[in-house]
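Colleague: I've just opened this one and don't know my way around yet. Could you walk me through it?

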Amino acid sequence: MTEPLVARMRAFGTTIFAEMSALAVETGSINLGQGFPDTDGPAAMLDRAVQAITSGANQYPPGPGTPELRRAVSEHRAAHYGLSYDPAGEILITVGATEAIAAAVLALCEPGDEVIAFEPYYDSYAASIALAQARLVAVTMRPVEGRFTFDPDELRAAVTPRTRAILVNSPHNPTGTVFTRAELEVIATLCQERDLVAVTDEVYEHLTFDGVEHIPLATLPGMRERTVMISSAGKTFSVTGWKTGWVCAPPALVTAVQTVKQFLTFTASAPWQLAVAYGLRNELEWVSALRAGLQDKRDRLMEGLAAAGFSVLRPSGTYFVQTDIRPLGFSDGLELTRRLPELAGVVAIPTQVFYDHAERGRHFVRFAFCKKDEVIDEAVTRLKHLSTAR
């Protein structure tokens, strides 16, 4: 039998997360690779999910999402960002942000269109763009004064007559960068000058550190009407398994995304939607405590990684720390991470897999700090032996 998988998807195969998580299980290593917490979200919100199940909320919710969650998302956008979205026609509930991104790209892009993304980029972006038979155009982010950023001239040069959209992820996975207002203004100006749609992935919106502010692109002048704003409950409330996300956008854009989404999953997760609505209204103090705790964990891991010989870049948000492995005498992150369980009993993610230009990220390795303190401490202890384990 010939290869059954369509040609445009053959480059994707098993994700690096599946590969490294399987390696962690196989070797008994500490998994600082995949970004999921090892503690649960707020107890009262979890109880609300149980109550929803036992009270009968187990059938299909409405296709756009439960009215309760759409209203809660609308209230949250208004309270935090001053953005007004009508829950009746400008908010769509999705199966996590990953589905929202895929549905948005499939809805907005014709075959041959181009979508700009900042590399390193979250791996689902490339797959979604390939499914749409569009083309990903990568603009490279590089470390400048200790944080990853992009060159505005390179971004402008990436736009062609075929460009349809810019995918903007801030706080940014996997670098931990939170785009500044000046950086967002460059993107906003370009979108308006070239009539582009912005698709924004803001799942780490509440997980920023050191007083750094997350600024939604849709809040900039002229951008609400051309932005598909995406977020989810998974990272905010440490319930990544609930897969409950949302899209906020003008009616025409929401209708476009929903037209595609209804044929992907139609709808899902009524109990989780009701619980998340409760969380958005009642558990943001818990989220503030989570953010403070994650900042401490970030500092704990950074200190340990530096002591182990890595060059460490300080993230302003997300779950992740980027490291440069060259001070340890390594040059290829993929090779190192495949050997790391043997050398140190720890699993991490090679950043180069998130680049179109892999050579630009070959010397970076990503570690997750959304873990218990004792897990971080044990991983650091093991990594300190790395310089002598070669």
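Colleague: Let's start with Ser-238: where does it lie?
Modeller: Keep in mind that we're looking at a predicted model. Ser-238 isn't a glycine, yet its phi is positive, about 55°. Its place is in the loop between strand 8 (227-232) and strand 9 (245-248).

Colleague: And is Ser-238 buried or exposed?
Modeller: The cut-off for buried is under 20% relative accessible area. Ser-238 has 7%, so it counts as buried.

Colleague: Ser-269 caught my eye too. What is its phi?
Modeller: Ser-269 lies in the loop between helix 8 (251-261) and helix 9. It is a residue other than glycine with a positive phi, and the value is near 55°.

Colleague: Moving on to the prolines: which residue comes before Pro-120 in the cis peptide bond?
Modeller: Pro-120 is in the loop between strand 3 (114-119) and helix 5 (123-131). The cis bond there has omega near 5°, and the residue before the proline is Glu-119.

Colleague: What is omega for the bond from Asn-173 to Pro-174?
Modeller: Pro-174 sits in the loop between strand 6 (163-169) and helix 7 (181-194). The peptide bond from Asn-173 is cis, with omega near 25°.

Colleague: Now the charged pairs. How many salt bridges does a search of the whole structure find?
Modeller: One of them joins the side chains of Arg-314 and Asp-299, at 3.7 Å from N to O. Asp-299 is in helix 10 (residues 284-307), and Arg-314 is in the loop between strand 10 (311-313) and strand 11 (320-324). The search over the whole structure gives 22.

Colleague: Which residues are linked with Arg-314 in a network of salt bridges?
Modeller: Arg-314 is partly exposed at 42% relative accessibility, and Asp-299 is partly exposed at 27%. Along with Arg-314, the network takes in Asp-210, Arg-298 and Asp-299.

Colleague: What about Asp-324: which residue does it form a salt bridge with?
Modeller: Asp-324 is buried, with a relative accessible area of 9%. Its partner counts as partly exposed, at 47% relative accessibility. The closest N and O atoms are 2.7 Å apart, and that partner is Arg-326.

Colleague: How many residues apart in sequence are the parts that Arg-362 and Asp-332 tie together?
Modeller: The side chains of Arg-362 and Asp-332 meet in a salt bridge at 4.0 Å, N to O. Arg-362 lies in the loop between strand 13 (349-350) and strand 14 (364-368), and Asp-332 in the loop between strand 11 and helix 11 (333-344), so the parts they tie together are separated in sequence by 30 residues.

Colleague: Are Arg-362 and Asp-332 buried or partly exposed?
Modeller: Arg-362 has a relative accessible area of 30%. For Asp-332 the value is 21%. Buried needs under 20%, so Arg-362 is partly exposed, and Asp-332 is also partly exposed.

Colleague: Let's look at Glu-99. Which side chain does the side chain of Glu-99 make a polar contact with?
Modeller: Glu-99 is in helix 4 (residues 96-108), and it is buried, with a relative accessible area of 8%. Its side chain reaches the backbone nitrogen of Val-95 at 2.6 Å. The side chain it meets in a polar contact, at 3.1 Å, is that of Lys-261.

Colleague: Setting aside residues up to four places away in sequence, which residues does Glu-99 touch?
Modeller: Lys-261 is on that list, and we've already met it through the polar contact at 3.1 Å. The list in full is Thr-94, Lys-261, Leu-264 and Thr-265.

Colleague: How do helix 2 and helix 9 pack: at what angle?
Modeller: Helix 2 covers residues 43-54 and helix 9 covers residues 270-282. Their crossing is right-handed. Their axes are 8 Å apart, at an angle of about 145°.

Colleague: How many nonpolar residues does the contact of helix 2 with helix 9 have?
Modeller: From helix 2 the residues include Ala-44, Met-45 and Ile-53, and from helix 9 they include Trp-272, Leu-274 and Tyr-278. By class there are 1 polar and 1 charged residues, and the nonpolar count is 11.

Colleague: One more: how far apart in space are Gly-28 and Val-347?
Modeller: Gly-28 is in the loop between helix 1 (16-27) and strand 1 (30-31), and it counts as exposed at 55% relative accessibility. Gly-28 and Val-347 are 319 residues apart in sequence, while from C-alpha to C-alpha the distance is 9.7 Å.

Key
Residues are numbered from 1 along each chain as its sequence is written. This is a predicted model: local features need pLDDT of at least 70, side-chain atom pairs count only at pLDDT 80 or more; totals for chains, interfaces and linings use all residues. Side-chain values use heavy atoms; hydrogens and water are left out. Helices (H or I, at least four residues) and strands (E, at least two) are DSSP runs, numbered from the N terminus. Buried means under 20% relative accessible area, exposed over 50%, partly exposed in between (1.4 Å probe, protein chains only). A polar contact is a pair of N or O atoms within 3.5 Å; within protein, one must be able to donate a hydrogen and the other to accept it, and residues adjacent in sequence count only if both atoms are side-chain atoms. Contact means heavy atoms within 4.5 Å. Axes are lines fitted to C-alpha atoms, for helices over the stretch in contact, and angles run from 0 to 180 degrees between N-to-C directions. A crossing is left-handed if the near helix is turned anticlockwise from the far one by less than a right angle, and right-handed if clockwise. Ala, Val, Leu, Ile, Met, Phe, Trp, Tyr, Cys and Pro count as nonpolar, Asp, Glu, Lys and Arg as charged, and the others, Gly among them, as polar.
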